[in-house]
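Work through the following exercises with the sequence and the three-dimensional model open beside you. Try each task before you read its solution.

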Amino acid sequence: MNGLESVLLFSLVVTPFLGAAVLAFFPADNHKLIHWYTRIIAASGLAIAAYLFITFDTGDSLNKYIVDFDWLPSLGIRFTLGLSGITVPLVLLNAIIFFGGVLISWNVDHRPKDFFVWLMLLVAGVYGVFASRDLFFLFFFYELAVVPMYLLVGVWGSSTDFGTFLRTKEYGAMKVMLVLVAGSVLVWIAILAMWVEAREITGIADFGMAGLSQVEFSEGFQKTYYPFLMIGFGILAGLWPFHTWSPDGHVAAPTAVSMLHAGVLMKLGAFGILAVGMVLLPDGARFWAPLLIGLGTVNVIYGAISAMGQKDLKYIIGYSSVSHMGYVLMGLGALDTLAVDGAVLQMFSHGIMTALFFAMVGVIYQRTHIRDITILAGLGKKMGITGVFLAVAGLTSLGLPGFSSFVAEIMIFIGTYRTYPVVGVLAVVGAAITAVYILRMLGAVFFGPIDENKWKDLTDANKTETGVAALLTGFLLLWGLYPFRIVEIIDSGVVPIMERLGS
């Protein structure tokens with residue numbers, strides 16, 4: 001490990017681990033100290049991630065800032081970290097949402113020490129997945145990012161009474177855990193198969209992605225095991241028909257966990273398909289691309305129609321996330337450089353957008369204890385700031401020019417249309433349906449008459465919540481009005497993969 005950037009990358013991954021370990025020794029009743037300490041950890045991560053993004057050189061090297069240590073040489077396992085044009089924006093995304101989620105959790109007073117310990121471990125896992133260049137450690141970090149969700153949802157989440165049935169937080173936590181672990185099993189099977197096959201071909205045991213990418217796996221092997229990665233990672237990305245865990249998880253999760261769940265965790269799945277599946281098994285990726293883009297198209301249309309039929313704010317955003325992740329999967333399945341660039345930008349844009357959505361829904365729920373849009377009405381008169389930021393998230397969701405999603409989606413639309421014209425048209429139809437349910441939601445919640453007696457004590461977002469929303473909005477506008485730098489960085493990571501795929 002040498003160079004300032006390599007040291008910073010190592011620090012970025014390790015700091016949340018150390019932060020969680022130190023926090024475990026804090027006095028549990030000193031809530032103020034716990035909150036401020038966690039904010040410092042999150043802010044330091046954001047500063048490092050921002051520096052790595054700003055100084056990233058889009059040269060000819062696919063992986064930069066390499067950190068490399070021996071761990072188990074006999075099995076070919078090394079602790080190897082590195083960043084590419086794909087992972088640098090995603091690392092920044094994780095840092096932004098973690099920082100915002102910590103600030104928005106100012107009102108967490110039930111066992112805050114335990115809450116933030118698990119939150120930091122989740123974030124450390126996400127950093128590790130994006131930075132790992134060894135499949136063993138990538139899978140380790142992948143599981144580390146998933147497992148804390150069970151406790152974060154099951155202990156600090158909320159149950160929802162829909163009248164005819166009760167959706168408990170324990171149900172949401174268990175469903176998230178079981179479905180995501182099932183996907184992890186498929187991923188681990190594919191990783192072990194590649195390790196065994198590579199050792200048979202080369203005589204060398206190696207979990208390193210750099211070494212495995214040089215192995216000439218047979219076409220039959222690739223076609224057999226690529227679906228394990230596509231579906232295994234795809235489950236975390238909300239791939240239809242394995243998506244139902246996601247809306248239920250959103251509804252049960254506390255605000256900060258919902259922000260990380262939709263904003264970052266779902267991106268791990270799409271990242272795995274691109275950075276592991278397509279890089280290591282290119283023949284399999286080409287063969288199964290029509291299925292991936294087909295399922296992604298179903299995601300877009302089905303998710304949008306489902307969101308249009310929901311009354312709970314979190315369910316609307318949950319199904320909206322399924323729909324928008326469909327655009328990401330469509331872009332990956334198109335195997336077109338422009339579409340894949342758009343897919344990675346959509347990961348970043350959707351992450352910020354849904355974090356803003358859930359932050360503002362959290363503000364509404366914390367004041368009203370209601371998320372039913374048929375009951376909420378006219379809140380714009382009392383919660384104008386909250387309404388503005390929720391509208392910003394909504395306008396980004398429907399792809400309004402000037403916001404980052406417009407840039408990402410137009411790239412996906414064009415790239416997809418060049419390879420699958422019918423699918424490109426359906427993608428635009430999905431965007432039109434999105435406009436319907438977003439405008440319906442905003443109209444139902446913030447416009448119309450307000451019950452002055454019922455909401456006489458209603459307060460708007462405070463300074464901390466407004467600051468978080470402003471930070472997230474700033475990135476939506478930055479990459480909407482000036483997308484060139486982030487697209488340049490993303491393209492430097494996508495082009496080598498597309499060349500490997502022959503696209």
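**Exercise 1. Confidence along the chain**

Find which element of the chain has the lowest mean pLDDT and which has the highest.

*Solution.* Begin by keeping in mind that this is a predicted model, and that the mean pLDDT of the chain is 86, with 96% of its residues reaching 70 or more. Then go through the elements: the lowest mean pLDDT, 58, belongs to strand 4 (residues 166–167), while the highest, 93, belongs to helix 3 (residues 87–104).

**Exercise 2. The packing of helix 5 and helix 11**

Describe how helix 5 (residues 135–146) and helix 11 (residues 255–280) pack, and name the residues through which they meet.

*Solution.* Two packed helices are described by the angle between their axes and by the distance between those axes. For helix 5 and helix 11 the angle is about 165 degrees, and the axes are 12 Å apart. Since angles over 145 degrees count as roughly antiparallel, helix 5 and helix 11 are therefore roughly antiparallel to each other. As for handedness, the crossing of helix 5 and helix 11 is left-handed. Helix 5 contributes Leu135, Leu138, Tyr142 and Ala145, which meet Leu265, Leu268, Val276 and Leu280 of helix 11. Sorted by class, this contact of helix 5 with helix 11 has eight nonpolar residues, with no polar and no charged ones.

**Exercise 3. The packing of helix 14 and helix 18**

Apply the procedure to helix 14 (residues 337–368) and helix 18, and work out how many residues of each class their contact holds.

*Solution.* The axes of helix 14 and helix 18 come within 10 Å and cross at roughly 155 degrees, and the two helices are therefore roughly antiparallel to each other. Helix 14 passes helix 18 in a left-handed crossing. On the side of helix 14 the contact includes Phe348, Ile352, Met360 and Arg367, and on the side of helix 18 it includes Glu465, Leu472, Phe475 and Trp479. When the residues of the contact between helix 14 and helix 18 are divided by class, twelve are nonpolar, two are polar and two are charged.

**Exercise 4. A residue of helix 18**

Locate leucine 477, and decide whether this residue is buried, partly exposed or exposed.

*Solution.* Leucine 477 lies in helix 18, which spans residues 463–481. The relative accessible area of leucine 477 is 33%, so the residue is partly exposed, because that class covers the range between 20% and 50%. If residues up to four places away in sequence are left aside, leucine 477 touches Gly402, Phe403 and Tyr482.

**Exercise 5. Unusual backbone angles**

Explain what is notable about the backbone at arginine 111, at histidine 369 and between tryptophan 240 and proline 241.

*Solution.* Start from the general expectation that most residues other than glycine have a negative phi and that most peptide bonds are trans. Arginine 111, in the loop between helix 3 and helix 4 (112–131), has a positive phi near 50 degrees, and at 45% relative accessibility this arginine counts as partly exposed. Histidine 369, in the loop between helix 14 and helix 15 (384–397), likewise has a positive phi, near 60 degrees, and at 59% relative accessibility this histidine counts as exposed. Finally, tryptophan 240 and proline 241 are joined by a cis peptide bond with an omega of about 5 degrees, and proline 241 is found in the loop between helix 9 (219–236) and helix 10 (245–252).

Conventions:
Residues are numbered from 1 along each chain as its sequence is written. This is a predicted model: local features need pLDDT of at least 70, side-chain atom pairs count only at pLDDT 80 or more; totals for chains, interfaces and linings use all residues. Side-chain values use heavy atoms; hydrogens and water are left out. pLDDT is the predictor's confidence in each residue, from 0 to 100. Helices (H or I, at least four residues) and strands (E, at least two) are DSSP runs, numbered from the N terminus. Axes are lines fitted to C-alpha atoms, for helices over the stretch in contact, and angles run from 0 to 180 degrees between N-to-C directions. Angles under 35 degrees count as roughly parallel, over 145 as roughly antiparallel, 65 to 115 as roughly perpendicular and the rest as oblique. A crossing is left-handed if the near helix is turned anticlockwise from the far one by less than a right angle, and right-handed if clockwise. Contact means heavy atoms within 4.5 Å. Ala, Val, Leu, Ile, Met, Phe, Trp, Tyr, Cys and Pro count as nonpolar, Asp, Glu, Lys and Arg as charged, and the others, Gly among them, as polar. Buried means under 20% relative accessible area, exposed over 50%, partly exposed in between (1.4 Å probe, protein chains only).
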